[in-house]
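Please find below a note on the structure under review. The points concern its overall make-up, its interior and two individual residues.

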Amino acid sequence: MSDDWVYYPEQAVNISMSEAVVHIVMAGGCCAPNRMKPTGRIYQDYGESFGDNGTKIVGIADAPLIQTIAVEGTYMRHLTDDHAMNLTLLASVNMADKQAVLYGAAFDRAGLITYKYMDAERRFLGNHSTDVLRNSVAIPDVTLPRHTRFIEISIYGSRTNPLCFTYIYAGLYVDRKQATITRICSKLTSTLQYTALGNFVLIPACFAVMAWTMSTFEFPPPVRFLCRQPTPIMTLCVFMMMGSFIFNQAWNLINSQSVIFDEWLPRAVKVIELFISFFLYAVYFYPVFLCYSASYRSRLANVLGVYVVLVLFSLRVVIDLPSYVVTYARDVQYLVFNVIAAVPAILAYAAVLGFFVVRSFTFRSCDTCRIISLEVTDTEEQYVRRLFVPHDFKIARTIKPTWWRRIWLLISRQQKLKRQRIFRMATVRWLFGTKEIVRIPLVVKVALTLLIYCLAQLIPILLTQMIGVGGVVPTHICAWSPYLAQFQYHPDPMHFAVKSFMLMQIAAYFATVGAVCMIYAFGILRRVTKDLVRLRRGDYGIFKGKKDNDIDIDDAIRFLGVCVGFGFTGTMYFMVEVALIGTGIAMLIQLDHVRDFLLHRVGYGTFFASFFVALVVQMIQKRITGILFLKNGSRFSLQNRAPFLHYWYFMMLTSMTRALTSYIIRTLKLALRYPIFSLRVDRNAETWSVRRGDGGFVGYCGMLLAEHEYNNPVLLVFIECLLPHIHPKRPYRYCNAHDPMKQQDDSIYESDKVILVSSSRHVKAIRARTRWFLAYTLIHNPMIRKCRKHVLKAVVDS
C-alpha cells in the first residue's frame, strides 16, 4: 500500500536528562514503516532472551518496501550467467522521531530483507532472505543465480522503533575471484610460474654442458654493464618485457595487494615477500638474457630463447587477461586506455620472439658476426683525440642553458633550423645536454627505458582506479554526498554528487599531467654527461671525501633499481598530490559554508593580511634604502651613514612580520616542489651528514665511479693499441659472407694487393703505438717538449 511506509520529517530532539544541560540530536529526515497503521507481523520477539544476549522486544511488520532492479548490458549479463555477479545494499539510517528515542529503551530497531530472482521473462528462479538485522545497517552481499535479469528486493522493518532509512544504495559488482576466466587463469599462472622457475635451472644447465663439451663455446654472461657496448634494441626490449612484471609488482606493493607469488610462497618466505618477489622476476628473465648473449654462438641458444619467451609471454597474458575481461571491460574508455598502454610490451615480446626465430634459421657460426654485433662507435677515441688538440685559455665561464631555456631557444630559432635538419642527432644532443664525445652508459639507458615504460603504464591505471567504474572517487562521492551537501546553501545530494564527480574528473585528468615527470627524468642524461667529464678531469667534488670516498662497486649494482624505484614512486606521489589539491579546490567550490568560513577566518584575518602588508612594506623599504642611503650604481656603498644606522635599528625588526608568514609559504613550496625534485637520483639537496643514507644518490655515485673505472677513454685507447699483439687461442671461424679465403680473387694482383693492405695496416698499428708512447712521455715530462727537434729549429730560426 502507498501508506505502508511514510516520511518522517527532520526535527531536533533534546535528549539531555538535566534542565541545565542541553544535548540536541537530529532525528527524522528518513523513511520507515508507518507506526500508526496496524499490520501483521512476519517476525516477533518478546525479549525473553534479554538476560542472556541483551536482545529487546522486536516486531517486524508485514508491510515491505519493494523495489525491482534490472540487470542490463552484455557485460553484466555475461558475468551474471558466470555466477560472478554480487548485489550489495548500502544503507544510512537515523532515528525516526522523538518517540523512537524513548522506545529505544525497550524496543530494538530491526529489519529483514528478502530477494526474489527472475529471468528475462520474469519467471521465478529462486529467493533469498537475510537474518534479522538488529540495530545494524550492515547488509551482507548476495551472489545472483545464473540467468538472473530482475531482482525484487523487499525491505521489512519494525514499526515501534523502526530502522529509518535516509538512503539505500543498491549496486551490482563483479566478484572477480568467482569468474571462470579468473579461476582458469589462476591455474595456468601457477603452472607457468613453475615452468619459468624450471627454465632457470634448465637453460643454464644446457649452457654449462655445452661449455664443458665444446671448446668453441663459453658460458654467456646475462648483461655486460661494465664494458662499453652499443645500445642493442633487443636488450632494451627484454628489459621492457621485465618492466611489465615490475610495474604490476610495484603497483601491488603500493596498494598493499597480493602479488602473483602470494598463493604458493611458503608462509615463512612471506616475511621477505617484498625482496623475494623482485628477485624472482630476475630469476624468470635470467634464461632470456643468457639466450640473447649466446645467440651469436649457438643455434640451440636461439631455439631455447624462443621457448623461454613464449613461456613468459603466456604468463604475462594469463596474469593480465582477468583484469582486461573483468575489471577494465566495465568501461570501454578505460579498456581502450589500458589496451593502448599494453601495446609497447606486446611489441617488445614480438620483437624478441622474432629475433630468436630468425636467428634460429639464419644462424652461422662466425666470429666476425659476433664482433660486428658488439662493434661500437669511436666515441672514446674521439675524446682522446680531442685531448691532444690545443685549446685557447678562456677566463670567462661558460654556463650551459637550462632545460626550459633550451626549449625556448629551439622554438625561437625555427627560421634557422628550417634550413637544416631539425631532428638531426646534433639537435637532439643539444636539447638533452649530451656530448658526442661522451658515451651514455648502457645501465642509464636501460633505467630510463624501464622508468618511462612504468610511468606510461601508471597513467591509465591511476585514472581507472580514481574515476573508473567502482573507483575511489565515485564510491566516496556516493557515500559522503548526503552529508557534505548539508554545507551548501541549498542542499541537494544528487546535484552535489553530479557536480562533484565532474570536478573530480577534471582534477584526475590534471593529475595525469604529473606524468610530465617522465620528461623531467631525461635530465639525468645531462647530469651523467657533465659528471663524467668532471671525473675525467680529476674533479671529485660531488663525492663526500672527494677522491677518498667510501663508495664501492656494490653501490653501482643498485643504480638501476633505485633509479626506476625513485622515479616511479616520486611521480606517483606527485600525481596523487595534484589530485588532492584538485580535491580541495573542488570542495571549496562545492561547500559554500566551508568556503565562507575560510574566507572569513583567513582571507580577512590578520595573519593572512599581514603577508601582503609586509610585502608592500618591504618593496617600499627597498626603494627608500636605494634612494636615500645607497650611492648611484652601487649596492653596498653608503651615503648618509649616520642616519642609516638609525634607519637600520628601526627597520630591522619589521621584517619579522613577513618572516612569520613566509615560513608557511616556504613549507608549501617545499611540499609542492620536493616530490618532483626527489624523483631523480642524480642530485641530493641534503647535507653530507645525512646524504649517505640516500640510497638513490649513493647508487648514482657508484655508477659514475664504476663507469670511470672500467670505461675510461684513455684506458680503452691504450688497450686498443695492445690488441694487435694479442694472438687468439684458437683460429677464427667465418661464415660464407666473411670468409677471407672465399672473398679474395685468384689473380696475383689481388693477392699482392691483400698483402700490401695487410702490411700497410701493420705499419699503421706500429706508428700509432709509437705516437701513443711519445704522447704519454711528453705529458709526464713537460721539460722535454722544449728539446724536440721542431721546437729547437724554430728557436734557431727566430
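The numbered points below go from the whole chain to single residues.

1. This is a predicted model, in which local features need pLDDT of at least 70 and side-chain atom pairs count only at pLDDT 80 or more, while totals for chains, interfaces and linings use all residues. Residues are numbered from 1 along each chain as its sequence is written, and side-chain values use heavy atoms, with hydrogens and water left out.

2. The secondary structure of the protein chain comprises 30 helices and 14 strands (DSSP runs numbered from the N terminus: helices are H or I of at least four residues, strands E of at least two). Of the 798 residues in the protein chain, 38% are buried (under 20% relative accessible area, with exposed over 50% and partly exposed in between; 1.4 Å probe, protein chains only). Among contacts (heavy atoms within 4.5 Å) with a separation of 6 or more, 77% join residues 24 or more positions apart.

3. The largest nonpolar core (buried Ala, Val, Leu, Ile, Met, Phe, Trp, Tyr and Cys residues joined through side-chain atoms within 4.5 Å) has 103 residues, and those with the most contacts inside it include Phe207, Phe285 and Val444. Helix 14 (residues 442-467) gives the most to this core, with 17 residues. At least three residues of this core come from each of domain 2 (180-375) and domain 3 (469-711), the bounds being from an automatic or database domain assignment. A second, separate core of 26 residues includes Trp5 and Tyr75.

4. The largest cavity (on a 1 Å grid over the protein atoms alone, a set of points where a 1.4 Å probe fits but cannot get out; lining residues have an atom within 4 Å of a point) is lined by 13 residues, with Cys227, Arg228, Ile440, Pro441 and Leu442 nearest its centre. Helix 14 gives the most to this lining, with 3 residues.

5. Glu577 is found in helix 20 (residues 559-590). Why does Glu577 count as buried? Glu577 does so because its relative accessibility is 17%. Leaving aside neighbours within four places in sequence, Glu577 is in contact with Ala671, Leu672 and Pro675.

6. Pro9 lies in the loop between strand 1 (5-8) and strand 2 (11-14). Leaving aside neighbours within four places in sequence, Pro9 is in contact with Ala27, Gly28 and Gly29. Pro9 and Ala27 are 18 residues apart along the chain, and their C-alpha atoms are separated by 8.1 Å.

Methods: 1 Å grid on protein atoms, 1.4 Å probe; cavity = no way out; pocket = protein on both sides within 12 Å on 5 of 7 lines; lining within 4 Å.
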